[in-house]
Amino acid sequence: GYYPQGMSAEHEHGKDVVGTVFENCTFSNCFRIGLFAIGDSLVMRNCEVRNTNTEGVYIVASSDILLERNVFAYNNIERWTGFYPSAVKIFNQTHRAVIRENKVIDHPFSNGVWFDVGNEDGVFVNNHLENVSGAQLDSTEDKWRWSNNAAFFFEISKRTICAGNVFLNCDQMWILN
């Protein structure tokens, strides 16, 4: 698919691959990304994504996305630094991404779900987020060090609904810009 290099109209991207469906799949022990997708009308349902590093699921420049009843667990398992890991990253001009009824669990070194850069009209409802931590013990100084790891992170985007979610043992939620 076409990866926009700057602001572009919605009709200019996401049209190369349309209608991809993943159901009852497992993406596990992936060196970097569990699933990278560019394409409109993507559905991911009843899947498990675990033991990944940079992103569990990374969706870019796509419209009408549905992530439903999935389990996302243990991203950034090797504790890489110098980048922004996320179990689910909705990135760069994605429109109408619906993320509902998912479990986002056990991410001590990663963001949970992150909408970033020019996304519009997202829906984040009825998800269960647990043990997504922004605090880590710095063993050299025996004190807590705060990272950017947020259970839900909405940044440089517009219009989203965040409702009915459960956040259990999660240190931060970020809503920026």
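This is a short dialogue on how to read the strands, sheets and overall form of a predicted model.

Q: Where do I start: how many helices and how many strands does the chain have?

A: A good habit is to count the elements before looking at any one of them. In this predicted model, the chain has 20 strands and 0 helices.

Q: What order do the strands take in an open sheet here?

A: To read a sheet, walk across it from strand to strand and note who sits beside whom. One open sheet is built from 6 strands, and walking across gives β2-β5-β8-β11-β14-β19, with parallel pairing. The edges are held by β2 (26-28) and β19 (166-168); each has a single partner strand, so one side of each has no neighbour in the sheet. From one strand to the next, the twist averages 5°.

Q: Can we zoom in on one pair: how many bridges join β5 to β8?

A: Bridges tell you which residues of two strands are matched up. Strand β5 (residues 48-50) and strand β8 (residues 71-73) run parallel, and 3 bridges join them. As an example, Arg50 has Ala73 in β8 as its bridge partner.

Q: Which strands make up the open sheet that contains β3?

A: Same walk, another sheet. This open sheet has 6 strands in the order β3-β6-β9-β12-β17-β20, and the pairing is parallel. Here β3 (33-37) and β20 (173-176) are the edge strands, and each pairs with a single strand, so one side of each is left without a neighbour in the sheet. Ignoring direction, neighbouring strands of this sheet are turned by 10° against each other on average.

Q: And how many bridges join β3 to β6?

A: There are 4 bridges between β3 and strand β6 (residues 55-60), and the two run parallel. If you want a spot to find in the viewer, look for Ile33, which stands opposite Glu55 in β6.

Q: Stepping back, why does the radius of gyration agree with a compact globule?

A: The trick is to compare the chain's value with the one expected for its length. A compact globule of 177 residues would have a radius of gyration near 16 Å, and the chain has 15 Å, so the two agree. Along the principal axes, the C-alpha atoms fill a box of roughly 50 × 35 × 30 Å.

Q: What share of the residues is buried, and what does the surface look like?

A: Buried here means under 20% relative accessible area. By that cut-off, 50% of the 177 residues count as buried. The accessible surface comes to about 8,400 Å², and carbon and sulfur atoms account for 52% of that.

Q: What share of the contacts joins residues at least 24 apart?

A: Looking at contacts between residues at least 6 apart in sequence, 61% join residues at least 24 apart.

Conventions: Residues are numbered from 1 along each chain as its sequence is written. This is a predicted model: local features need pLDDT of at least 70, side-chain atom pairs count only at pLDDT 80 or more; totals for chains, interfaces and linings use all residues. Side-chain values use heavy atoms; hydrogens and water are left out. Two strands pair if DSSP finds at least two bridges between them. Axes are lines fitted to C-alpha atoms, for helices over the stretch in contact, and angles run from 0 to 180 degrees between N-to-C directions. The radius of gyration is taken over C-alpha atoms; the globule rule is 2.2 Å times the number of residues to the power 0.38. Buried means under 20% relative accessible area, exposed over 50%, partly exposed in between (1.4 Å probe, protein chains only). Contact means heavy atoms within 4.5 Å. Accessible areas come from the Shrake-Rupley method with a 1.4 Å probe; for residues, only the protein chains shown count as cover.
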